[in-house]
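Okay, shall we get going? Have a look at the screen while I bring up the next one.

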Amino acid sequence: MKKRRVVITGIGTINPLGNSVEEYFANLEKGVSGAGPITHFDPSKFKTKFACELKGYNSSNFFDRKEVRKYDLFTQYALVAVDQAIKDSGLDMEKINKETTGVIWASGIGGLETFYQEVKGYVEGGEVPRYSPFFIPKMIADIAAGHISMKYGFMGPNYCTVSACASSNNAMIDALKIIRAGNADIMVTGGSEAAINPPGIGGFNSMQALSTRNDDPATASRPFDRDRDGFVMGEGAGALIFEEYEHALARGAKIYAEVAGGGLSADAHHLTAPHPEGLGAKKSMSEAVKDAGLELEDIDYINTHGTSTPVGDVAEIKGIVATFGDHTYKMNISATKSMTGHLLGAAGAIEALACIMALTKGIIPPTINNFNLDPEVDPKINLTLNKAQKRDIKAALSNTFGFGGHNSSVVFKKI
């Protein structure tokens, strides 16, 4: 049976490089770092005192006080990005079938700030425990998907994917499959995260996962660099409107790209470290390309997971070389986390947008902060180092890998 095709008809984002898609794309192209000293709380007690925070975000610009009481920051970010994407898509809320419109939204952690504040209040409180009645519905990771559906009346499939840093790609792959299967015509998908807070920074510090380059935050995220020392925490959201191709054509929608395929795998190796030879990554990439009905040689650009961790970056490159062989040297490869930081469960969503920029504008976003290439990385591989490159591409692949050995890869292509 012929597969129903799925395309992207709307996009939105709020992330460390911009509070709109236009601002984000402009800063990606310029190679801007979103890192700086942490302002959300006093980080003086922590090993890491910087992160990639949103710039100029004020909840009162988007929500009234009653709404803010009900929404953790990760839900706020989700609603802001989705509002942009729906407006961008041109969907008419009076005409679409809301029973065939669903939401699959990702978050690796969910309402960590809410959990922290409520438990802190209990520990510092008096004899009678006092918890907000919104504590649980603000904290749970699925609640952003619920709020999106309630705001717009979408009654199709609705849930959250949680697979650590692979969560957004998992959400997009599920949305792709649901539309392909005929269970929906439109799916709102993407992810959001808000973990720049004491437990978020403290927890990752204790794992020695974060960079501690406090003297120079802007150059701290250094994927594939010999002297990288960990990732930089980011926050925000990315939203995409997935739509069945004929449905989009019928309403005259603009189309950014086709969601061509997805691949999933597990490393089955270690709690936090990837397989050293990138075997799980190889499987997810191979399956994504196969699912897209493409040949490996059709992929022109890979947006890597590329977090700037000592083990992860090299393992991913090994997985790419094992998958693509000689074609590796004909592609552009880059790690946009060098600019945005690592948005955890939202990473895949904003990196999908980076792939869309490459497809629609012919601009490959760079890997910044590479001063000394890791000797384990072949210098003949085009990692798009330190400066954007122009290239007409037909297909792009985006990787996200999560703690627990979760691997997910998505292929986007020109329509």
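I'll go through the pockets, then the salt bridges, then a few single residues.

Quick housekeeping. This is a predicted model, where local features need pLDDT of at least 70, side-chain atom pairs count only at pLDDT 80 or more, and totals for chains, interfaces and linings use all residues. Residues are numbered from 1 along each chain as its sequence is written, and side-chain values use heavy atoms, with hydrogens and water left out.

So, pockets. The largest pocket holds about 540 Å³ of space. By pocket I mean, on a 1 Å grid over the protein atoms alone, an open set of points where a 1.4 Å probe fits, with protein on both sides within 12 Å along at least five of seven lines; a lining residue has an atom within 4 Å of a point. The volume is the space filled by probe spheres set on those points, with points joined across faces, edges and corners.

Who lines this one? There are 33 residues in the lining, and Thr272, Ala273, Pro274, Thr309 and Phe403 lie nearest the centre. Helix H11 (312-324), strand S13 (395-402) and strand S14 (406-413) supply at least two lining residues each, and H11 gives the most, with four. Helices and strands here are DSSP runs numbered from the N terminus: H or I with at least four residues for a helix, E with at least two for a strand. By class, that lining splits into 14 nonpolar, 15 polar and four charged residues. For that count, Ala, Val, Leu, Ile, Met, Phe, Trp, Tyr, Cys and Pro are nonpolar, Asp, Glu, Lys and Arg are charged, and the others, Gly among them, are polar.

The second largest pocket comes in at about 160 Å³. Its lining is Ile11, Val21, Glu22, Phe25, Gln84, Asp88, Tyr256, Thr360 and Lys361. Helix H1 (21-30), helix H3 (73-89) and helix H13 (347-361) each put in at least two residues, with H1 taking the largest share at three. The class split for this lining is four nonpolar, two polar and three charged.

On to salt bridges. The structure holds 19 of them, each being a side-chain nitrogen of Lys or Arg within 4 Å of a carboxyl oxygen of Asp or Glu. The bit I'd zoom in on is Asp291, since Lys3, Arg180 and Asp291 are linked in a network of salt bridges.

Take Lys3 and Asp291: their closest N and O atoms are 3.3 Å apart. Lys3 sits in the segment before strand S1 (6-14) and Asp291 in helix H10, so this pair ties together parts that are 288 residues apart in sequence. Then there's Arg180 with Asp291, at 3.0 Å from N to O. That one also links distant parts of the chain, with Arg180 in helix H7 and Asp291 in helix H10, 111 residues apart.

How covered up are the two basic partners, buried or exposed? Arg180 counts as buried, at 16% relative accessibility, while Lys3 counts as partly exposed at 45%. The cut-offs are under 20% relative accessible area for buried, over 50% for exposed, and partly exposed in between, with a 1.4 Å probe and protein chains only.

Away from that network, Glu243 and Arg251 make a salt bridge with the closest N and O atoms 2.8 Å apart. Glu243 is buried, at 0%, and Arg251 is partly exposed, at 27%.

Last, a few single residues. Which non-glycines have a positive phi? Asn369 is one, with phi of about 65°, and Asn386 is another, with phi near 70°. Asn369 lies in the loop between strand S11 (363-364) and strand S12 (389-390), and Asn386 lies in the loop between S11 and S12 as well. Asn369 is buried, with a relative accessible area of 8%, whereas Asn386 counts as partly exposed at 41%.

Back in helix H10 (residues 279-291) we also find Lys290, which counts as exposed at 70% relative accessibility. Lys290 and Gly261 are 29 residues apart in sequence and 7.6 Å apart in space, C-alpha to C-alpha.

That's my tour, over to you.
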